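I sat down with a fresh page and a cup of tea to look through this fold. Here is what I wrote as I went along.

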Amino acid sequence: LEFLNKYRKAVIDKNLDGVVGLCAQDYFEDNGTVQQTDDYGLSQLRDKLGRALGQTKEIQLEIIVQAIERDSAVEHGPVRVVYRYNQRALVSFPAGDKWITVSDVNRLVLRDDAAGGYVITSGL
């Protein structure tokens, strides 16, 4: 939960380095599809997130954790965090600023890092 709070704060602060810094160097996202055209790694995440944060003036984010699971058969196996999020963002568009509201369920996959914490391996 502490780790999720760091993630939430980095998003609210629009801290690109803070969000990317919580990710593993081998971060990989397949968007849950079989198409490889929408897959991306850490550098593409930085680019995508940088563009999105650059257009955003303010972010409000609520995270409601629904489940935290770790396979007990695998020592130091991945941690899956299922959560509902409610996000409001003030985004700049050529026609003017607009508040956008999104509510959905997401799953982050984490693994232990060398410092005794966690890093995100997928799910952003």
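The entries below go from the sheet to its helices, then to the salt bridges and a surface patch.

**Entry 1: the sheet.** A reminder to myself before I start: this is a predicted model. I looked up the strand order and found an open sheet of four strands, β3-β4-β5-β6, with antiparallel pairing. Which strands sit at the edges? They are β3 (56-70) and β6 (118-122), and each of them pairs on one side only. I also checked the twist: on average, neighbouring strands of this sheet are turned by 35 degrees against each other, direction ignored.

**Entry 2: β5 and β6.** I then followed strand β5, residues 96-112, to its partner β6; the two pair in the antiparallel sense over four bridges. I noted one bridge by name: Arg111 has Val119 in β6 as its partner.

**Entry 3: helices on the sheet.** I asked myself which strands helix α1 lies across. Helix α1 (residues 2-12) lies across β3, β4 (79-93), β5 and β6, and runs at about 165 degrees to β3. Helix α3 (residues 42-55) lies across β3 and β4, at about 135 degrees to β3.

**Entry 4: salt bridges.** How many salt bridges does a search of the whole structure find? It finds five, and I wrote up some of them.

- Asp26 forms a salt bridge with Arg111, with the closest N and O atoms 2.8 Å apart. Asp26 lies in the loop between α2 (16-20) and β1 (28-29) and Arg111 in strand β5, so this pair ties together parts 85 residues apart in sequence. Arg111, my bridge residue from Entry 2, is partly exposed at 32% relative accessible area.
- Lys57 and Asp97 meet through their side chains in a salt bridge of 2.5 Å, N to O. This pair links strand β3, which holds Lys57, with strand β5, which holds Asp97, 40 residues apart. Lys57 is partly exposed at 48% relative accessibility, and Asp97 is partly exposed at 40%.
- Asp112 forms a salt bridge with Arg70, the closest N and O atoms being 2.6 Å apart. Asp112 is in strand β5 and Arg70 in strand β3, so the pair ties together parts 42 residues apart in sequence. Asp112 is partly exposed at 25%, and Arg70 is partly exposed at 35%.

**Entry 5: a nonpolar patch.** Last, I turned to the surface. Leu1, Val65 and Ile68 form a nonpolar patch there, with about 290 Å² of accessible area together. Leu1 is found in the segment before α1. Is Leu1 buried or exposed? Leu1 is exposed, because its relative accessible area is 69% and the cut-off for exposed is over 50%.

Key
Residues numbered from 1 in each chain as written. Predicted model: local features only at pLDDT ≥ 70, side-chain atom pairs only at ≥ 80, totals over all residues. Heavy atoms only, no water. Pairing = 2+ DSSP bridges. Axes fitted to C-alpha atoms, helices over the stretch in contact; angles between N-to-C directions. Contact = heavy atoms within 4.5 Å. Patch = residues over 30% accessible without salt bridge, like charges linked within 9 Å, V, L, I, M, F, W, Y side chains within 5 Å. Areas by Shrake-Rupley, 256 points an atom, 1.4 Å probe, with all protein chains shown as cover. Salt bridge = Lys/Arg side-chain N within 4 Å of Asp/Glu carboxyl O. Buried < 20%, exposed > 50% of the residue type's maximum accessible area, 1.4 Å probe, protein only.
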